[in-house]
Amino acid sequence: MKGGRSRKRKRARHPQPQPQNQQSLQSKHKTSSSTTELNKDEHQTSSAKRPKPSTGFLDKMRARLSGGHFRMLNEKLYTCTGKEALNYFGEDPALFDMYHAGYQEQMSHWPELPVNIITKWLKGRSPSLIVADFGCGDARLAKNVINKVFSFDLVSNDPSVIACDMSNTPLESSSVDVAIFCLSLMGTDFPSYLQEAHRVLKPSGWLLIAEVKSRFDPNTGGADRNKFSKAVCDLGFASELNDFSNKMFILMYFKKKEKQNSKHKDIEWPELKPCLYKRR
């Protein structure tokens with residue numbers, strides 16, 4: 001060995017990590033917290049910038065939903081029997097309220113309502129006439145005349161309304177002077193409603209029928225109104241007046257014959273097409 005001494009290799013010294021002081025740790029923590037708060041603020045700012053649905057938009061969506069329910073219930077009434085409708089709405093009376101809310105909305109677009117014309121007609125006659133309102137709805141007729149009115153419908157939300165199948169009312173035979181169907185010949189068994197009206201009417205009693213005009217337009221699949229009128233007359237009535245002047249509905253006035261035919265013959269009733277409302 002050179003110089004007679006052994007040389008010791010020097011080991012490389014690696015720097016030891018220095019403990020961070022408290023101030024440095026706090027500084028890093030503050031930086032991290034600031035970043036988190038910044039991200040949070042950016043998220044809140046972004047959320048705030050998102051447009052919220054307008055009140056008008058929400059109202060429109062609610063109206064569409066409500067309109068859809070009305071169309072479904074309306075179709076149900078036109079395509080089932082009176083007894084089926086009574087059971088259906090009896091299980092959930094809220095559906096009846098939903099239907100009538102939609103009905104009132106539809107009627108708000110009509111320039112003239114048949115119930116108002118019938119009310120005027122009644123006011124021009126003796127207040128002693130007893131009336132049966134078949135399918136009374138909100139009993140508007142009874143509320144606007146001084147006559148005694150028996151109001152019938154599928155559900156009763158008013159003490160003055162009697163819930164029943166309109167082919168089977170609790171009235172006595174030959175007990176009323178006027179029977180009214182105002183846009184209410186809806187069931188597939190509507191002839192049984194008119195038979196019930198014939199039963200409860202006194203001789204020479206009035207039968208008034210108001211119906212949507214399109215249901216009696218053969219050009220669009222509606223019934224022939226002359227065939228319908230003949231069927232009503234075959235039931236035991238005489239046709240007094242037909243009013244086709246309104247563009248939305250027709251009004252037919254009949255009187256129960258004094259003398260009834262003792263021979264019961266089969267009546268050929270024309271089919272009345274359902275009045276289904278289109279989606280607006």
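Two strands pair if DSSP finds at least two bridges between them. With that in hand, welcome to this predicted model, where paired strands are a good place to start.

**The sheet**

Seven strands form an open sheet in the order β3-β2-β1-β4-β5-β7-β6, and their pairing is mixed. At its edges sit β3 (161–163) and β6 (237–243), each of which pairs on one side only. From one strand to the next, the twist averages 20°.

Let's look at three of the pairings. The table lists them with their bridges and direction.

| Strand pair | Bridges | Direction |
|---|---|---|
| β1 (residues 131–134) and β2 (residues 149–153) | four bridges | parallel |
| β1 and β4 | four bridges | parallel |
| β4 and β5 (residues 201–212) | six bridges | parallel |

Individual residues make these pairings easier to find on screen. Val131 of β1 stands opposite Val149 in β2. On the β4 side, Phe134 has Phe181 as its bridge partner. One step further along the sheet, Ile180 stands opposite Leu208 in β5.

**Helices on the sheet**

Two helices are worth tracing here. α5 packs on the sheet and touches β1, β4, β5 and β7 (249–256). The direction of α5 makes about 165° with that of β4. Helix α8 (residues 225–235) also packs on the sheet, where β5, β6 and β7 are the strands it touches. For α8, the angle with the direction of β6 is about 150°.

**A closer look at β1**

Which way do the residues of strand β1 point? Val131 and Asp133 point one way, while Ala132 and Phe134 point the other way. Are these four buried or exposed? All of them are buried, and that includes the charged residue Asp133.

**The largest pocket**

Now turn to the largest pocket, which holds about 500 Å³ of space. Its lining is made of 33 residues, and those nearest its centre are His100, Gly135, Gly137, Cys182 and Leu183.

Which elements supply at least two residues each to this lining? They are α3 (82–91), α4 (93–107), α5 (114–123), α6 (140–144) and β4 (176–182). Of the contributors, α4 gives the most, with six residues. Two names here should be familiar from the sheet: β4 pairs with β1, and α5 packs on the sheet. Both of them also help to line the pocket.

By residue type, the lining divides into 20 nonpolar, eight polar and five charged residues. Among the residues nearest the centre, Cys182 and Leu183 count as nonpolar, whereas Gly135 and Gly137 count as polar.

Conventions. Residues numbered from 1 in each chain as written. Predicted model: local features only at pLDDT ≥ 70, side-chain atom pairs only at ≥ 80, totals over all residues. Heavy atoms only, no water. 1 Å grid on protein atoms, 1.4 Å probe; cavity = no way out; pocket = protein on both sides within 12 Å on 5 of 7 lines; lining within 4 Å. Points joined across faces, edges and corners; volume = space filled by probe spheres on them. Buried < 20%, exposed > 50% of the residue type's maximum accessible area, 1.4 Å probe, protein only. Axes fitted to C-alpha atoms, helices over the stretch in contact; angles between N-to-C directions. Contact = heavy atoms within 4.5 Å.
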